[in-house]
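Let's take a walk through this two-chain model, one piece at a time. Keep the viewer open and follow along.

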Amino acid sequence: MHTIAIEHEILADNEALANHNRAHFLAHGVYVLNLMSAPGAGKTSLLERTLAELSPRYRIGVIEGDVYGREDADRIEKHGVPVVQINTGGACHLDAHLVHDQLERFDLDQLDVLVIENVGNLVCPAEFDLGETDKVMVLSVAEGDDKPKKYPVMFHVARVLLLNKIDLLPHVSFDVARATRDARALNLDLDVFPVSATTGEGLEPWYRWLEGRIARAKAR
Amino acid sequence: MHEVSIASELLTTIERVARESGGRRVRAVDLVVGELAGVDADALSFAFEIVSRGTIAEGAVVTVDRAPLLVACGACGLEGPGDLEALACAGCGGSPVRVTGGRELRLTSIDIEDD
């Protein structure tokens with residue numbers, strides 16, 4: 001028996017394909033957002049609100065990731081933006097390969113923004129780079145303020161945290177200061193926006209942040 | 001259960017290396033998995049056992065070395081171990097911190113049979 005030293009990143013293949021996707025997006029000046037959360041945190045509702053605000057000014061495409069069904073794609077289609085539904089058929093996350101396979105269905109020259117809504121899950125999507133510009137995470141106040149301590153990896157990899165459903169704060173026990181502090185504990189750069197996709201409260205700063213990022217992607 | 005996806009990628013690499021080394025059986029697989037990698041070491045070993053059935057790596061013993069969470073502390077300025085439970089610097093208890101280690105997910109070596 002003999003030992004072969006290797007030193008190989010296990011997800012190197014996904015990483016390589018993600019970098020290939022990223023180079024593709026960069027070449028077309030497309031800003032790409034990987035939207036992640038647990039099921040039911042309000043990703044699609046926030047996306048619908050954001051589309052209503054930004055789609056008159058930006059050309060936006062959407063990839064919807066779900067285990068089964070095309071509920072989300074049907075919702076997004078009503079906003080008149082191009083949308084592709086990926087069904088993973090069991091897998092708990094999207095990967096760079098699944099995204100790459102759908103790219104030919106978009107004319108990237110005709111897009112400013114591509115939103116990839118990941119499969120609802122607080123663990124697995126954190127591990128798989130898709131080639132996005134930013135990872136944006138949604139945590140709803142109904143889920144509890146202990147989530148950053150229980151799922152630290154997701155909060156560590158995110159660029160933005162949208163604390164959603166703040167209209168429910170009077171009805172649930174959720175300490176915004178605690179959740180914000182813990183979410184940032186392993187992530188100094190995390191921007192946190194408390195919002196409500198239902199009432200629209202707090203969404204202005206999120207839209208302005210997004211516009212800044214889109215402009216930056218265009219300028220590069 | 002993303003451990004199955006990770007185990008499949010791992011197997012692809014191992015099969016390639018083993019083929020390049022003459023196609024002999026793989027007896028052991030050594031990995032480094034960081035505390036903040038978001039990967040359950042037992043689930044990964046179990047997933048590898050399943051996906052490697054009928055391959056050159058069937059029955060290989062998987063050993064996982066856990067790499068500790070390392071941080072650069074914003075409060076005390078030191079670089080050292082982090083406390084994953086407290087989400088803080090293990091030295092002074094301060095936060096936020098910058099993560100400098102613990103995200104590893106790496107295949108370090110394999111043992112293959114000789115002729």
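Strand 3 of chain A is largely enclosed by the rest of the structure, because seven of its seven residues are buried. Here "buried" means 20 or more other C-beta atoms within 10 Å of a residue's own, "exposed" means 12 or fewer, and "partly exposed" is in between, with the C-beta atoms placed from the backbone. I60(A), V62(A), E64(A) and D66(A) point one way from the strand, G61(A), I63(A) and G65(A) point the other way, and all are buried. That fits the usual rule: in a regular strand the side chains alternate between the two faces of the sheet.

A quick word on the ground rules. This is a predicted model, in which local features need pLDDT of at least 70 and side-chain atom pairs count only at pLDDT 80 or more, while totals for chains, interfaces and linings use all residues. Residues are numbered from 1 along each chain as its sequence is written, and chains are lettered from A and ligands numbered from 1 in the order in which they are written. Helices (H or I, at least four residues) and strands (E, at least two) are DSSP runs, numbered from the N terminus.

Now zoom out to the sheet around strand 3. Chain A has an open sheet of seven strands in the order 4-3-5-2-6-7-8, with parallel pairing. Strand 4 (83-87) and strand 8 (191-194) of chain A are at the edges with a single partner strand each, so one side of each is left without a neighbour in the sheet. From one strand to the next, the twist averages 20°. Two strands pair if DSSP finds at least two bridges between them, and the table lists some of the pairings in both chains.

| Strands | Sense | Bridges | Residues facing each other |
|---|---|---|---|
| Strand 3 and strand 5 of chain A | parallel | five bridges | V62(A) and V115(A) |
| Strand 3 and strand 4 of chain A | parallel | five bridges | G65(A) and I86(A) |
| Strand 2 and strand 5 of chain A | parallel | five bridges | N34(A) and I116(A) |
| Strand 3 and strand 4 of chain B | antiparallel | three bridges | L70(B) and P81(B) |
| Strand 1 of chain A and strand 7 of chain B | antiparallel | six bridges | H8(A) and L107(B) |

Helix 2 (residues 43-54) of chain A packs on the seven-stranded sheet, touching strand 2, strand 3, strand 5, strand 6 and strand 7 of chain A. Its direction makes about 165° with that of strand 5 of chain A; axes are lines fitted to C-alpha atoms, for helices over the stretch in contact, and angles run from 0 to 180 degrees between N-to-C directions.

Look next at K135(A), in strand 6 of chain A. Is this lysine buried or exposed? K135(A) counts as buried, because it has 20 C-beta neighbours inside 10 Å. K135(A) and L35(A) are 100 residues apart in sequence, yet 6.2 Å apart in space, C-alpha to C-alpha. Beyond its neighbours within four places in sequence, K135(A) is in contact (C-beta atoms, placed from the backbone, within 7 Å) with N34(A), M36(A), V157(A), A158(A) and R159(A).

On to helix 1 of chain A. Its end C-alpha atoms are 22 Å apart, which agrees with the 22 Å that its 16 residues should span at 1.5 Å a residue; the expected span is 1.5 Å times one less than the number of residues. The buried residues of this helix are N14(A), A18(A) and N21(A). They cover an arc of only 60° around the axis, which puts them on the same side of the helix; the arc is that of the directions from the helix axis to the C-beta atoms. An α-helix has 3.6 residues a turn, so residues three or four places apart point the same way. The face turned away from the buried side carries the exposed residues A23(A) and A27(A). Among what covers the buried residues are helix 4 (96-102) of chain A and helix 1 (3-20) of chain B. After helix 1 of chain A comes G29(A), with a positive phi near 65°.

That brings us to the interface. In total, 30 residues of chain A are in contact with 31 residues of chain B. Strand 1 (2-9), helix 1 (12-27), helix 6 (152-157) and helix 7 (176-184) of chain A each give two or more residues to the chain A side. Strand 1 of chain A provides the largest share, eight residues.

Key: Contact = placed C-beta atoms within 7 Å.
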